[in-house]
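Biologist: I am new to reading protein structures. Could you walk me through one, feature by feature?

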Amino acid sequence: MTIPTKPLTLEEYLSYDDGMDTRCELVDGRLIEIAPVSDLADRTASFLYASFLNLGIPHYRLSMNAQIAVSGKLANARQPDLMVLSEEAAMALEGTKQRLITHDISPPDLVIEVVSPLQEERDYRHKRTEYAGRHIPEYWIADPIHQKVTVLEWVNGLYEEQVYQGDQAILSPLFPELVLTAAQVLAAKA
């Protein structure tokens, strides 16, 4: 991958193509290669994708490949493991070259991150702040390392969190009909 030497704007990032298929996020204007998705993270995101499909969420509102523009010192774009898009965001992304939810598109309803080794601070701290800046209504952190699922709900300008472990049923504020335990999510088994 050829990495540009100068920081990119969000507009430059949208049109950037080095001909490679490398997964990147934009962090403070710099392209940062995303580590390959682990088998566990992929299985967890796929399991949750199927769970939301079974709940009746249309497939076009679920994405494991879209990115979201977030605030930072310079331009930033993150790629969560799974997003449940708002209807407006899904329609805005239809037919786009790069699936990026820009600041002028409504945020997703739910963002889910699966914690990878050595990336805990990124998911618990940096992304929490960045997603709060976009007022994302619900943010999940599935953490197989510490065997817990943290559900953050946007309430009056801040995230309120609830932590679930083991056989505790996860209570999703936006999707109360979802019936999953933390153990099911972390093991990616129904």
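Biologist: In what order do the six strands of the open sheet lie?

Modeller: Strands of a sheet pair through backbone hydrogen bonds, either parallel or antiparallel. In this predicted model, the order is β3-β6-β8-β9-β10-β11, with mixed pairing.

Biologist: Which strands stand at the edges?

Modeller: Those are β3 (62-63) and β11 (158-164). Each has a single partner strand, so one side of each has no neighbour in the sheet. For β3, the pairing with β6 is antiparallel and runs over two bridges. Look for Ser-63, whose bridge partner in β6 is Met-83.

Biologist: Now the interior. Which residues of the largest nonpolar core touch the most other members?

Modeller: That core has 24 residues, and the ones to find are Leu-48, Phe-52, Trp-140, Val-149 and Val-185. Two or more residues come from each of α2 (39-54), β6 (82-84), β8 (110-114), β9 (138-143), β10 (148-155) and α5 (182-187). The biggest share, four residues, is from α2. There is also a second, separate core of 19 residues, including Val-70 and Ile-105.

Biologist: What does Val-149 touch?

Modeller: Leaving out residues up to four places away in sequence, its contacts include Trp-140, Tyr-164, Ile-170 and Val-185.

Biologist: And a loop residue: where is Gly-72 placed?

Modeller: Gly-72 lies in the loop between β4 (67-70) and β5 (76-78). Its relative accessible area is 44%, and because buried means under 20% and exposed over 50%, Gly-72 counts as partly exposed. Along the chain, Gly-72 and Glu-130 are 58 residues apart, yet their C-alpha atoms are separated by 7.5 Å.

Conventions: Residues are numbered from 1 along each chain as its sequence is written. This is a predicted model: local features need pLDDT of at least 70, side-chain atom pairs count only at pLDDT 80 or more; totals for chains, interfaces and linings use all residues. Side-chain values use heavy atoms; hydrogens and water are left out. Buried means under 20% relative accessible area, exposed over 50%, partly exposed in between (1.4 Å probe, protein chains only). A nonpolar core is a set of buried Ala, Val, Leu, Ile, Met, Phe, Trp, Tyr and Cys residues joined through side-chain atoms within 4.5 Å. Contact means heavy atoms within 4.5 Å. Two strands pair if DSSP finds at least two bridges between them.
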